[in-house]
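Biologist: I would like to learn how to read a model of this kind, beginning with its surface and working inwards. Could we take one feature at a time, with the general idea ahead of the particular case?

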Amino acid sequence: MIFHMYSDSATYSDESLFELIQLRDDQNAFAELYNRYWECLLDMAFQRLKSVEAAEEVVQEVFVNLYVRRKAIRLESSLAAYLKTALKYKIFNLYRAEQIHHKYMSTVVNEVYADYQSPYENLQNKELSERIETATMLMPEKCREVFCLSRYEYLTQQDIASRLGITLSTVKKHLTKALRILRSELYSYRHDMFFATLFIQLCNL
């Protein structure tokens, strides 16, 4: 849709234009705000998404929601602040949706892989899982907590330090200790090619 601009639209404040949108459904005012903030929001989105197409789509959604929800929106500060906050939430939700998708796909792949495993491989996997669980329970409480955050929640060492309120060097010490316990408990798998590969991965925390 093509909007015809006010001849003096540049003299209107953001809030005045938004008030026209709320009270009169003024599409000219909406077009002016769109033109004012499109490039700015697009740049912000691109810096985070690294994709022009994805950035354009998420910014477009911000403006669509602005118009659709115009009657209900109450600005607590400036319109610029509202738009930037809305954009951040859109990007966050996009990241979250992608993470859920990846987690789902990973689950599907694992299920398909399990379907093709032989009874022997299933037994070996079960035995290895039990051995890892036993090794984990042998770790001191804080050491076990650090290990689980690293291996099962995929947190970086710095993120673990921040969450637990400990230093980075302490995190590294706990992971080194966890590795030592794992090496001891999984040593019997060193000659099996499949489990040797997994063992190496565990040893490179």
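Modeller: Let us begin with the outside, bearing in mind that this is a predicted model. The accessible surface of the protein comes to about 13,800 Å², and 55% of that surface belongs to carbon and sulfur atoms. Of the 205 residues, 31% count as buried.

Biologist: Which secondary-structure elements does the protein contain, and how many of them are there?

Modeller: The protein has nine helices and zero strands, so that the pattern read along the sequence is α-α-α-α-α-α-α-α-α. As for how the chain folds back on itself, among contacts between residues at least 6 apart in sequence, 57% join residues at least 24 apart.

Biologist: How should I read the nonpolar interior, and which residues have the most contacts inside the largest core?

Modeller: In soluble globular proteins, nonpolar side chains tend to be buried together. Here the largest nonpolar core has 27 residues, and those with the most contacts inside it are Leu41, Val59, Phe63, Leu66 and Leu87. Two or more residues of this core come from each of helix 1 (14-24), helix 2, helix 3 and helix 4 (79-115), and helix 2 gives the most, with 10 residues. Leaving aside residues up to four places away in sequence, Val59 touches Trp38, Leu41, Leu42, Ala45 and Leu87. Apart from the largest core lies another, of eight residues, among them Leu155, Ile160, Val171 and Leu175.

Biologist: Which residues of helix 3 are buried, and what is the general idea behind reading such a list?

Modeller: An α-helix has 3.6 residues a turn, so residues three or four places apart point the same way. In helix 3 the buried residues are Ala55, Val58, Val59, Val62, Phe63, Leu66 and Tyr67. The length of helix 3 can be checked as well: at 1.5 Å a residue its 17 residues should span 24 Å, and the end C-alpha atoms are 24 Å apart, which agrees. For helix 1, the buried residues are Asp14, Leu17, Phe18, Leu20, Ile21 and Gln22.

Biologist: Let us turn to the aromatic rings; how many aromatic pairs are there in the whole structure?

Modeller: A pair of aromatic rings is described by the distance of the centres and the angle of the planes. A search of the whole structure finds six aromatic pairs. One of them joins Phe30 and Tyr67, whose rings are 5.2 Å apart centre to centre with 70 degrees between the planes, an edge-to-face arrangement. Because Phe30 lies in helix 2 (residues 27-49) and Tyr67 in helix 3 (residues 52-68), this pair ties together parts that are 37 residues apart in sequence. Both Phe30 and Tyr67 are buried.

Biologist: What kind of pair do Tyr34 and Phe63 form, and why?

Modeller: Their ring centres are 4.8 Å apart and their planes stand at 45 degrees, so the pair is tilted. Tyr34 lies in helix 2 and Phe63 in helix 3, so this pair ties together parts that are 29 residues apart in sequence. The two residues can also be read by their accessibility: Tyr34, at 22%, counts as partly exposed, whereas Phe63, at 1%, counts as buried. Ring pairs link Phe30, Tyr34, Trp38, Phe63 and Tyr67 into a cluster, and the charged end of Arg70 sits over the ring of Tyr67, 4.1 Å from its centre.

Biologist: What should I look for in the backbone of the loops, and where is Asp25 found?

Modeller: Most residues other than glycine have a negative phi, and most peptide bonds are trans. Asp25, found in the loop between helix 1 and helix 2, has a positive phi of about 55 degrees although it is not a glycine. Lys50, in the loop between helix 2 and helix 3, likewise has a positive phi, of about 60 degrees, and is not a glycine. Asp25 counts as partly exposed because its relative accessibility is 32%, while Lys50, with a relative accessible area of 59%, is exposed.

Biologist: As a last case, is Ile181 buried or exposed, and which residues does Ile181 touch?

Modeller: Ile181 lies in helix 8 (residues 168-185) and, at 17% relative accessibility, counts as buried. Not counting residues up to four places away in sequence, Ile181 touches Ala135, Leu138, Met139 and Pro140. The C-alpha atoms of Ile181 and Ile132, which are 49 residues apart along the chain, are separated by 9.8 Å.

Note on methods. Residues numbered from 1 in each chain as written. Predicted model: local features only at pLDDT ≥ 70, side-chain atom pairs only at ≥ 80, totals over all residues. Heavy atoms only, no water. Phe/Tyr/Trp six-rings, centres within 6.5 Å; stacked < 30°, edge-to-face > 60°. Helix = DSSP H or I, 4+ residues; strand = E, 2+ residues; numbered from the N terminus. Buried < 20%, exposed > 50% of the residue type's maximum accessible area, 1.4 Å probe, protein only. Lys NZ or Arg CZ within 6 Å of the ring centre and 35° of its normal. Contact = heavy atoms within 4.5 Å. Expected span 1.5 Å × (residues − 1). Areas by Shrake-Rupley, 256 points an atom, 1.4 Å probe, with all protein chains shown as cover. Core = buried A, V, L, I, M, F, W, Y, C linked by side-chain atoms within 4.5 Å.
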